[in-house]
Structures are given as structure tokens and as C-alpha cells.
Amino acid sequence: MFKLYKRDDTGKIAGYHEAWAEPERRRIVEHWGMLGTEGETAVHRIWFFGSLEKQFNSILDPARELGFTEVEISDHVVLLVEYRIDDFGSEDDVDKRHALEDRLNEVLGWTGLGHCDGGSIGSGTMEAACFVVDFELARSVIADALKGGEFEDYSRIYQE
């Protein structure tokens, strides 16, 4: 996956533009939008006799020309979604955490905000850890996405 971001005049990240390959479906998916929104998607056919790198570049070069660039992982913020559990947790808690990680990857990925990078469990809490480019916006988007579902009982969303 290649993920690019564009900053506004204040230096804050405002937009994203990304692409990833789905070789089993012979396609490259291009996805872009304003940060925090689901944006738009286009699908491009993979040509097996051409360089995959050149195909990605032909898709992403127009965004690069508009000022979109990569953001280092060190420039992301760690966001944690925490749940209270009994002691060191149960097998059900571990299953819930894995399902939560999948949900957070979906939410953060489709809104250009980042990704979930696993989690931890024990000593009365369970957390899912995410790398995000805008903490406040990601916190708001995640809180909205978790409302009314199996994950709405979190104790807090905070920055590490």
C-alpha cells in the first residue's frame, strides 16, 4: 500500500490519496478524499506484462504533483482505545480485541486517518493501539463508528 497526504496552509494534514494492489482480482484500488471522510475510489486493471511500480506511479504521480507526500510512521500519533476487563481477561476478551482491531483498521483506513497496530490485554484493561495522523479527528471518527455496536462500551480513547 502507498499512502500519501496533503497538508493545508497551516501545515495540518487535510487530505489523503492511497493505492493498493489486489493481485487475485488483477486490480489496483485507488482511494482518496478529505481526511476523516470515506472519500472516493477508482479501480485500475493490473497489467501483468508491465512493471507494478510503474503502474502505481502512473496512478499516484498526479497526486504527488498536487503536493501529496508520504508521512513517516514516526510522525503519527499513538491512539489507544481502552476497555475495562476482569484481571487478565478471558478468551472472549481476546476475541473481542481482535474483532475491534479489524473494525478500527476498517474505520481508520477508509477515512485516511491511519491503521490499528495490535493491542494488549491484562491487569484490568484491554487496549487496541492505532497509529493516526490526526488524533482529535481520529478520536471523533472512532467514537462515532463504535456507537451503538458491540464495541461501544470502551472506557476511554486517549493519546499515548
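A salt bridge is a side-chain nitrogen of Lys or Arg within 4 Å of a carboxyl oxygen of Asp or Glu. The exercises below use this term and a few others on a predicted model, where local features need pLDDT of at least 70, side-chain atom pairs count only at pLDDT 80 or more, and totals for chains, interfaces and linings use all residues. Residues are numbered from 1 along each chain as its sequence is written, and side-chain values use heavy atoms, with hydrogens and water left out.

**Exercise 1. Salt bridges**

Task: State how many salt bridges the structure holds, then describe the pairs of Lys147, Lys3 and Glu82.

Solution:
- Step 1. The structure holds 12 salt bridges.
- Step 2. Lys147 pairs with Asp144 through their side chains, at 3.4 Å from N to O. Lys147 is exposed, with a relative accessible area of 61%; exposed means over 50%, buried under 20%, and partly exposed in between (1.4 Å probe, protein chains only). Asp144, at 47%, counts as partly exposed.
- Step 3. Salt bridges with shared partners also join Glu22, Arg25 and Arg27 into one network.
- Step 4. Lys3 pairs with Glu18, and their closest N and O atoms are 3.3 Å apart. Lys3 lies in strand β1 (residues 2–7) and Glu18 in strand β2, so this pair ties together parts that are 15 residues apart in sequence. Strands (E, at least two residues) and helices (H or I, at least four) are DSSP runs, numbered from the N terminus. Glu18 is buried, at 2% relative accessible area.
- Step 5. Glu82 pairs with Arg84, with 4.0 Å between the closest N and O atoms. Glu82 is buried at 4% relative accessibility, whereas Arg84 is exposed at 62%.
- Step 6. Side chains of opposite charge can pair when their charged atoms come close.

**Exercise 2. A helix pair**

Task: Describe how α2 and α3 cross, and list the residues that make the contact.

Solution:
- Step 1. Helix α2 covers residues 91–110 and helix α3 covers residues 135–146. Their axes come within 10 Å and cross at roughly 125°. Axes are lines fitted to C-alpha atoms, for helices over the stretch in contact, and angles run from 0 to 180 degrees between N-to-C directions.
- Step 2. α2 and α3 are therefore oblique to each other. Angles under 35 degrees count as roughly parallel, over 145 as roughly antiparallel, 65 to 115 as roughly perpendicular, and the rest as oblique.
- Step 3. The α2 and α3 crossing is right-handed: the near helix is turned clockwise from the far one by less than a right angle, while anticlockwise would be left-handed.
- Step 4. From α2, the contact (heavy atoms within 4.5 Å) takes in Leu100, Arg103, Leu104, Val107 and Leu108. From α3 come Ala138, Val141, Ile142, Ala145 and Leu146.
- Step 5. These residues divide into 9 nonpolar, no polar and 1 charged. Ala, Val, Leu, Ile, Met, Phe, Trp, Tyr, Cys and Pro count as nonpolar, Asp, Glu, Lys and Arg as charged, and the others, Gly among them, as polar.

**Exercise 3. Positive phi**

Task: Place Arg26 and Asp87, and give the phi of each.

Solution:
- Step 1. Most residues other than glycine have a negative phi.
- Step 2. Arg26 is not a glycine, yet its phi is positive, about 55°. Arg26 sits in the loop between β2 (13–22) and β3 (27–34). At 34% relative accessibility, Arg26 is partly exposed.
- Step 3. Asp87 is not a glycine either, and has a positive phi of about 50°. Asp87 lies in the loop between β5 (77–84) and α2. Its relative accessibility of 61% makes Asp87 exposed.

**Exercise 4. Three residue settings**

Task: Give the element, burial and contacts of Val29, Gln55 and Ile121, leaving aside residues up to four places away in sequence.

Solution:
- Step 1. Val29 is in strand β3 and is buried at 3% relative accessibility. Val29 touches Glu18, Ala19, Trp20, Glu22, Thr41 and Ala42. Val29 and His44 are 15 residues apart in sequence and 6.3 Å apart in space, C-alpha to C-alpha.
- Step 2. Gln55 is in helix α1 (residues 52–65) and is buried at 11%. Gln55 touches Ile28, Arg45, Ile46, Trp47 and Gly50.
- Step 3. Ile121 is in strand β6 (residues 114–122) and is partly exposed at 28%. Ile121 contacts Ile85, Phe88, Gly89, Asp93, Val94, Arg97 and Met126. Ile121 and Arg7 are 114 residues apart in sequence and 36 Å apart in space, C-alpha to C-alpha.
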